[in-house]
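User: Please take a close look at the surroundings of the ligand and describe them for a reader who is new to this structure.

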Amino acid sequence: MNAGILGVGKYVPSHILTNEDLEKRMDTSDEWIRTMTGIEERRIAADDMDTSHMAYHAAVDAIENSGVSPEEIGLILVATVTPDRPFPSVSTMLQEQLGAKNAAAMDVSAACAGFMYGLVTAKQFVESSSYDYVLVVGVEKLSKITDWDDRNTAVLFGDGAGAAVVGRVSEGRGILSFELGADGSGGKHLYQDEKLIMNGREVFKFAVRQMGQSAMNVIEKAGLDKEDVDYLIPHQANIRIMEASRERLGLPIEKMSKTIHKYGNTSAASIPISLVDDLAEGKVKDDDVIVFVGFGGGLTWGAICMRWGK
Ligand code: COA
């Protein structure tokens, strides 16, 4: 019996911050940002829209889409590194707001790989029959830890939330294989010390290497070849990193999810937000083999190979 995704949802703030807006605030250019990252604009949450609020909107959307009722959810996992406050966790705030009174709740801290860690954790609880339904949310309000005086990082990030309800799916569908990993020795390259601090070069090199390798590993673990892959949803950090993983899999350009131009890097939210947009545009269809792959601060990484459908 496999665990799979029964419903998805997303929320992005309405306020758009364009590259041109950033040109007015710091020494950068639309051309540099587009060429070096693929980002054209990002969403920024208002002061009164905190992480839990974005998580709530995405979660409501995913629960409705799944047809499951909040009372049926056994566990809520929220992947975030920008919680409203250290505790109570965002997941417990959600539990109350959703009326998911039978759910346990905890936050997952794995930075941009957080949604992968959350999905894999959900799979374990579903496949062991511990819980019928697990709600997984990836959400970040990165704007509150962004150093707006640092052009090396300020242009990269955006706010948003994506969510999925995980439960049992029919034979042959759902999560076929996964890989999670960490290398704490790389923690110094990307961390928060009040504001976000990053060694872009080092993170870039790590990401190019790890994304391609992890994607290949989960394809092999699923007993498949890269030719069997219908669609790749990489963490949306930088178009050049995403392209490197697509090329490693030998996929044509239309078989890779790309939402980075609209939302920037939304960390733990980027993969579920992309999935929602891809489903809406008919890019992901029943029985497609999809590879999700993410990486982030920690350093952490995670990949999943899934056959789409309930
Ligand atoms: N606008 C204009 N110029 C900028 C700039 C900006 N926003 N940011 C940096 N630059 C300049 C640098 O100052 C440097 O100038 P110099 O050559 O005069 O010193 C030049 O551009 C190259 O900078 P560098 O940092 O070496 O470029 P890079 O090729 O490493 O690209 C990133 C920078 C951030 C785009 C790239 O390193 C990256 O994407 N890294 C991964 C980041 C990431 O994904 N983080 C999240 C992980 S989840």
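Analyst: For the classes used below, Ala, Val, Leu, Ile, Met, Phe, Trp, Tyr, Cys and Pro count as nonpolar, Asp, Glu, Lys and Arg as charged, and the others, Gly among them, as polar. By these classes, the shell around the ligand has eleven nonpolar, eight polar and four charged residues.

The model is a predicted one, in which local features need pLDDT of at least 70 and side-chain atom pairs count only at pLDDT 80 or more, while totals for chains, interfaces and linings use all residues. Residues are numbered from 1 along each chain as its sequence is written, and side-chain values use heavy atoms, with hydrogens and water left out.

There are 23 residues around the ligand (each with a heavy atom within 4 Å of it), and Thr28, Cys112, Arg151, Arg201 and Asn238 come nearest. Polar contacts, that is, pairs of N or O atoms within 3.5 Å, involve several of these side chains. An N or O atom in the side chain of threonine 28 is 2.6 Å from a nitrogen atom of the ligand. In the case of asparagine 238, a polar side-chain atom lies 2.7 Å from an oxygen atom of the ligand. For arginine 201, the distance from an N or O atom of the side chain to a ligand oxygen atom is 3.0 Å. Of the 970 Å² of accessible area that the ligand has on its own, the protein covers 75% (areas by the Shrake-Rupley method with a 1.4 Å probe).

The ligand takes up the space of the largest pocket. On a 1 Å grid over the protein atoms alone, a pocket is an open set of points where a 1.4 Å probe fits, with protein on both sides within 12 Å along at least five of seven lines; a molecule sits in a pocket if more than half of its atoms lie within 2 Å of its grid points.

Helices (H or I, at least four residues) and strands (E, at least two) are DSSP runs, numbered from the N terminus. At least two residues of the shell come from each of helix H2 (30-37), helix H6 (151-154), helix H7 (200-221), helix H8 (239-249) and strand E12 (289-296). H7 gives the largest share, four residues.

Beyond E12, leucine 299 is placed in the loop between E12 and strand E13 (300-307), and the peptide bond from glycine 298 to leucine 299 is cis, with omega near -10°. The chain that holds these elements has ten helices and 13 strands in total.

Methods. A polar contact is a pair of N or O atoms within 3.5 Å; within protein, one must be able to donate a hydrogen and the other to accept it, and residues adjacent in sequence count only if both atoms are side-chain atoms. On a 1 Å grid over the protein atoms alone, a cavity is a set of points where a 1.4 Å probe fits but cannot get out, and a pocket is an open set with protein on both sides within 12 Å along at least five of seven lines; lining residues have an atom within 4 Å of a point.
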